[in-house]
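Here is a short report on how a protein and its DNA meet. Have the sequence and the 3D view open as you read.

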Number of protein chains: 2
Amino acid sequence: MSDEAPWLDEAEMATWLALIGVVMRLPGALEVQLRRDADLNHFEYCVLVGLEHAEGGTMRMSDLAFLCNGSLSRLSHVARRLENEGLIERFACPDDGRSTLARLTGPGRERLAQAAPGHVRLVRELVFDELDGDEMRQMGELAKRVLARIQS
Amino acid sequence: MSDEAPWLDEAEMATWLALIGVVMRLPGALEVQLRRDADLNHFEYCVLVGLEHAEGGTMRMSDLAFLCNGSLSRLSHVARRLENEGLIERFACPDDGRSTLARLTGPGRERLAQAAPGHVRLVRELVFDELDGDEMRQMGELAKRVLARIQS
DNA sequence: TCCGATTCATTGAATGTTCAATAAACCTAG
DNA sequence: CTAGGTTTATTGAACATTCAATGAATCGGA
């Protein structure tokens with residue numbers, strides 16, 4: 001540990017504080033709107049959006065969990081709640097008996113429609129309205145590279 | 001809603017997915033190390049670090065909550081746990097009878113020392129090793145501006 | 001000075017997430 | 001073809017967070 005890089009310098013610390021600030025506060029900011037408009041939390045919203053965009057409207061639980069950046073266990077609990085509310089349904093995968101497929105229902109689509117416009121508006125207000133095109137692409141590229149490290 | 005900007009275009013969506021990916025996965029990635037090295041979650045770690053850097057080693061609960069990007073209620077629950085473990089202590093603020101001050105104890109400092117080296121190493125691995133100096137500063141500036149919007 | 005409004009913090013209940021255990025289906029080396 | 005390991009998903013219990021209610025201390029205007 002003797003040749004270890006020292007604690008963050010001033011510029012790194014400023015960057016880190018801003019980044020971790022966004023990381024910690026953004027989900028809460030988004031959930032206020034989602035809860036108000038559609039009684040969903042952010043993870044539930046991601047699940048519904050993921051299914052809406054999926055090929056054939058269905059997705060395996062584990063793929064959906066990865067897409068939503070959550071654990072399979074978390075998704076399993078959330079899926080039970082969403083299924084009890086009638087927003088999604090689950091059924092066995094015909095190709096692989098271990099897998100479960102999830103699908104958005106009609107009411108699920110409606111609920112998504114309640115949430116989406118306000119969600120997009122808020123995402124624009126909080127992020128994209130603050131950045132010009134170059135900055136937006138730069139932010140995306142940097143975040144993508146960092147995400148790749150986190151996922152590896 | 002008729003003149004509302006439409007849903008995100010392709011470039012915006014790519015940026016958003018990368019950003020939200022970092023937002024959702026970074027805390028979990030950090031907590032693996034903190035849990036292993038010092039049996040702390042990320043919020044608890046922020047609380048201890050906040051107190052370590054505070055003027056006079058003490059900070060008001062509400063200021064600490066803001067610094068740690070969490071609600072006062074959340075901090076209050078966490079502070080009780082940390083106090084029960086002997087890592088921090090709380091006492092009435094002499095200047096304002098409504099306020100509570102928190103302070104890091106000796107054992108709290110030790111626990112922080114268990115967590116910090118590995119935490120810095122991981123933060124470097126996940127974020128700073130991926131970015132050159134310009135990219136790092138750019139990321140910090142953009143995150144700072146977005147954070148300002150979230151906080152407002 | 002007094003009273004209503006605000007700030008600060010805590011609490012318990014409801015809710016959500018993680019962790020470890022379980023189990024079924026599948027794959028593959030021998 | 002089968003025993004052992006892997007992948008997939010679910011579950012209950014432990015743990016953490018949010019939400020709404022409470023209460024104490026302070027502030028500020030009439």
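Which helices of chain A and chain B each supply at least two residues of the surface near DNA strand D?

## The surface near DNA strand D

In this predicted model, the answer is α3 (61-67) and α4 (72-84) of chain A, together with α4 (72-84) of chain B. The largest share belongs to α4(B), with 5 residues.

If you would like to zoom in, start with the residues that come nearest. Among the 21 residues around DNA strand D, these are Ser62(A), His77(A), Arg90(A), Ser73(B) and Arg74(B). On the DNA side, sugar and phosphate make up 69% of the atoms of strand D that come within 4 Å of the protein. Sorted by class, the surface near this strand holds 10 polar, 8 charged and 3 nonpolar residues.

## Phosphate contacts of strand D

Chain A offers both side-chain and backbone atoms to look at here. The side chain of Arg90(A), also listed among the nearest residues, places an N or O atom 2.8 Å from a phosphate oxygen of DNA strand D.

Two backbone contacts are worth displaying as well. For Thr100(A), a backbone N or O atom is 2.9 Å from a phosphate oxygen of strand D. For Met61(A), a polar backbone atom is 3.4 Å from a phosphate oxygen of that strand.

## The surface near DNA strand C

Now turn to the other strand. Around DNA strand C there are 21 residues, and those that come nearest are Ser73(A), Arg74(A), Gly97(A), Ser62(B) and Thr100(B). Of the atoms of strand C that come within 4 Å of the protein, 68% belong to sugar and phosphate.

What is the class make-up of the surface near DNA strand C? It has 8 charged, 10 polar and 3 nonpolar residues. The largest share of this surface comes from α4(A), which gives 5 residues.

## Phosphate contacts of strand C

For this strand, chain B supplies the contacts to examine. An N or O atom in the side chain of Arg90(B) is 2.8 Å from a phosphate oxygen of DNA strand C. Ser76(B) also uses its side chain, with a polar atom 3.1 Å from a phosphate oxygen of strand C. From the backbone, an N or O atom of Met61(B) lies 3.4 Å from a phosphate oxygen of the strand.

The elements that give two or more residues to the surface near DNA strand C are α3 (61-67) and α4 of chain B, along with α4 of chain A.

Note on methods
Residues numbered from 1 in each chain as written. Chains lettered and ligands numbered in written order. Predicted model: local features only at pLDDT ≥ 70, side-chain atom pairs only at ≥ 80, totals over all residues. Heavy atoms only, no water. Near = heavy atom within 4 Å. Polar contact = N/O pair within 3.5 Å; in protein donor to acceptor, adjacent residues only side chain to side chain. Helix = DSSP H or I, 4+ residues; strand = E, 2+ residues; numbered from the N terminus. Nonpolar A, V, L, I, M, F, W, Y, C, P; charged D, E, K, R; others polar.
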